[in-house]
Amino acid sequence: MEKASKSSKIMVAAIDFGTTFSGFAFSLKSDWGKVLTNTWTGGSLISHKAPTCLLLKKDYKEYFFGYEAEDKYSDLTSDDNHSDYYFFQRFKMILHQDFTVKRHITCNDITGKPLEASLVFEYCIRCLKKCLQQQIEKSYLGTHDDDIEYVLTVPAIWGDKAKLFMREAAVKAGIKKENLTIALEPEAASIYCQYLKFAKEDTSSPTLGVVKPGTKYMVIDLGGEDIYSLSTKLIPLFCCLY
């Protein structure tokens with residue numbers, strides 16, 4: 001029997017803000033095992049994630065994300081019309097060193113032009129949230145923003161300053177702070193694994209969860225730039241030891 005969701009909202013939506021690729025997924029509280037996501041397209045490429053790239057006009061009136069940002073920037077550079085735009089990629093790890101994280105920290109675009117990092121993260125999350133809401137509207141007509149609990153995942157190695165930075169960027173991007181949860185990437189993956197459906201001939205159970213106390217498993221994050229591994233042992237209180 002599936003464990004009931006603890007969310008107070010009708011729906012839970014998660015945003016994975018990655019170093020190289022980003023994406024999102026969502027599910028209803030009443031049917032949380034059915035997870036829906038988006039399909040991104042770029043030329044002949046089709047994937048469930050888009051490149052973590054942002055194209056932002058200097059007056060902030062135009063902004064594009066993912067494959068669309070790459071294609072648009074390519075067109076602008078071909079016509080030599082890109083001087084009024086910023087193009088950012090592979091910038092997430094400026095938050096890796098927690099002691100260097102400040103509200104007004106800057107990051108450079110690919111041409112060296114600096115911009116406050118908070119704006120870069122804000123507009124990326126804004127783009128992801130907009131696309132997420134469009135997909136939700138297609139799947140579940142009539143869903144309102146206050147019906148959604150948002151989860152934004154961050155690396156476990158990040159400190160409190162980096163987590164607060166991401167939270168503030170998400171709020172500026174239009175996610176209400178009371179509807180936002182910051183979750184550690186490996187913990188989210190570990191909890192999901194405890195309820196992961198699988199096919200196995202020698203058991204009548206359709207799910208792994210709840211995993212029996214004492215079960216050991218490993219979660220490996222094959223990221224765009226870094227690889228992290230995590231060994232977990234489930235104890236009787238169903239808390240994870242790292």
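**Exercise 1. The helix pair**

In this predicted model, helix α2 (residues 117-139) and helix α3 (residues 160-172) pack with their axes 8 Å apart, at an angle of about 55°. Work out how this packing is classed and which residues make the contact.

*Solution.* Start with the angle: about 55° makes α2 oblique to α3. Next comes the handedness, and here α2 passes α3 in a right-handed crossing. Now look at the residues. From α2, the contact takes in Ala117, Ser118, Phe121, Glu122, Ile125 and Arg126, and these meet Phe165, Met166, Ala169, Ala170 and Lys172 of α3. Sorted by character, the contact between α2 and α3 has 7 nonpolar, 1 polar and 3 charged residues.

**Exercise 2. The cysteines**

Explain why the structure holds 0 disulfides, taking Cys53 and Cys124 as your cases.

*Solution.* Recall the cut-off: a disulfide needs two cysteine sulfur atoms within 2.5 Å. Take Cys53 to begin with: its closest cysteine sulfur belongs to Cys124 and lies 8.5 Å away, so the gap is too far for a bond. Then turn to Cys124, whose closest cysteine sulfur, in Cys127, is 6.6 Å away, again too far for a bond. As a last step, check the surroundings: Cys53 is buried at 3% relative accessibility, and Cys124 is buried at 0%.

**Exercise 3. A loop residue**

Find where Gln97 sits and decide whether Gln97 is buried, partly exposed or exposed.

*Solution.* Locate Gln97 along the chain: the loop between β9 (85-89) and β10 (106-108) holds this residue. Its relative accessible area is 39%, so Gln97 counts as partly exposed. Finally, look across the fold: Gln97 and Ala162 are 65 residues apart along the chain, with 8.4 Å between their C-alpha atoms.

Key:
Residues numbered from 1 in each chain as written. Predicted model: local features only at pLDDT ≥ 70, side-chain atom pairs only at ≥ 80, totals over all residues. Heavy atoms only, no water. Buried < 20%, exposed > 50% of the residue type's maximum accessible area, 1.4 Å probe, protein only. Axes fitted to C-alpha atoms, helices over the stretch in contact; angles between N-to-C directions. Helix = DSSP H or I, 4+ residues; strand = E, 2+ residues; numbered from the N terminus. Parallel < 35°, antiparallel > 145°, perpendicular 65-115°, else oblique. Left-handed = near helix turned anticlockwise from the far one by under 90°. Contact = heavy atoms within 4.5 Å. Nonpolar A, V, L, I, M, F, W, Y, C, P; charged D, E, K, R; others polar.
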